[in-house]
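The following note is offered to a colleague who is meeting this structure for the first time. It takes up the aromatic rings, one polar side chain and the sheets in turn.

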Amino acid sequence: DREQQKYIRRRDKLLVLESSRAACDYEYPLNVPGSVFLPDRGTVIKAEIADVETILPEGREALLDPQLIGSNLVIRNWRAGDRYWPAHTAAGKKVKELLSDRHLSGAEKKLWPVVLANNNIVWMKGFAAPQAFRPRGEKALWIREVTGP
């Protein structure tokens, strides 16, 4: 899109120099229950306590134990050096590698949301919750991204 990028023409070749709408870091408190609008993504991250049985089976992989997580969380984009250990994997991995495995674009990757509790990433959009934080009872912390404000 011409309005979002600066262009230079040289000998009939078009080179993109930089984006004029650069992706920027974000960080917001996320209360439970609560929600946060992420303007650069145009989405909302919602956090609520739910009965495990009311969540569709395909959504249960991302559920967290509210007793282990607490209620004052931080939602932010991932940053260089961040690591995450999704359930069903042998070890933690750099977030950069996890996102690259999914072939995400640079801007989309830069704005990818993660949730922290006590300075540890406990939730990452599209990935299973770490085994250590999975729900052990009937109630679960359900964090999800929904479209629009």
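1. Aromatic pairs. Rings of Phe, Tyr and Trp (its six-membered ring) are taken to pair if their centres lie within 6.5 Å; planes under 30 degrees apart count as stacked, and those over 60 as edge-to-face. The model discussed here is predicted. A search of the whole structure yields two aromatic pairs. In one of them, the ring centres of Y26 and Y28 are 6.1 Å apart and the planes meet at 25°, so this pair is stacked.

2. Exposure of the stacked pair. Are the two residues buried or exposed? With a relative accessible area of 6%, Y26 is buried. Y28, by contrast, has a relative accessibility of 28% and counts as partly exposed.

3. The edge-to-face pair. Y84 and F127 also form an aromatic pair, with 6.5 Å from centre to centre and 75° between the planes, an edge-to-face arrangement. Y84 belongs to strand β7 (residues 83–84), while F127 lies in the loop between β10 (120–124) and β11 (139–147); the pair therefore ties together parts that are 43 residues apart in sequence. Y84 and F127 are both buried.

4. Charges over rings. Two arginines deserve a remark in connection with tryptophan rings. R41 lies over the face of W112, at a distance of 5.3 Å from the ring centre. The charged end of R144 is placed over the ring of W142, 3.8 Å from the centre of that ring.

5. The surroundings of N77. Where is N77 placed? This residue is in strand β6, which covers residues 72–77. N77 is buried, its relative accessible area being 0%. Its side chain makes a polar contact of 2.9 Å with the side chain of D25. The side chain of N77 also reaches the backbone nitrogen of Y26, at 2.8 Å; Y26 is the buried member of the stacked pair described above. If neighbours within four places in sequence are left aside, the residues in contact with N77 are D25, Y26, K110, L111, W112 and V114. One of these, W112, is the residue whose ring face lies under R41.

6. The four-stranded sheet. Strand β6 takes part in an open sheet of four strands, ordered β3-β6-β9-β10 and paired in the antiparallel sense. Strands β3 (27–31) and β10 stand at the edges with a single partner strand each, so one side of each has no neighbour in the sheet. On average, neighbouring strands of this sheet are turned by 35° against each other, direction ignored. Strands β3 and β6 run antiparallel and are joined by five bridges. Within this pairing, E27 has R76 of β6 as its bridge partner.

7. The three-stranded sheet. Which strands make up the open sheet of three, and in what order? The order is β4-β5-β11, again with antiparallel pairing. Its edges are formed by β4 (34–38) and β11; each has a single partner strand, and one side of each is therefore left without a neighbour in the sheet. From one strand to the next, the twist averages 20°. Strand β5 (residues 43–51) is paired with β11 in the antiparallel sense over nine bridges. In this pairing, D51 stands opposite K139 of β11.

Conventions
Residues are numbered from 1 along each chain as its sequence is written. This is a predicted model: local features need pLDDT of at least 70, side-chain atom pairs count only at pLDDT 80 or more; totals for chains, interfaces and linings use all residues. Side-chain values use heavy atoms; hydrogens and water are left out. Buried means under 20% relative accessible area, exposed over 50%, partly exposed in between (1.4 Å probe, protein chains only). Helices (H or I, at least four residues) and strands (E, at least two) are DSSP runs, numbered from the N terminus. A charge sits over a ring if NZ of Lys or CZ of Arg is within 6 Å of the ring centre and within 35 degrees of the ring normal. A polar contact is a pair of N or O atoms within 3.5 Å; within protein, one must be able to donate a hydrogen and the other to accept it, and residues adjacent in sequence count only if both atoms are side-chain atoms. Contact means heavy atoms within 4.5 Å. Two strands pair if DSSP finds at least two bridges between them. Axes are lines fitted to C-alpha atoms, for helices over the stretch in contact, and angles run from 0 to 180 degrees between N-to-C directions.
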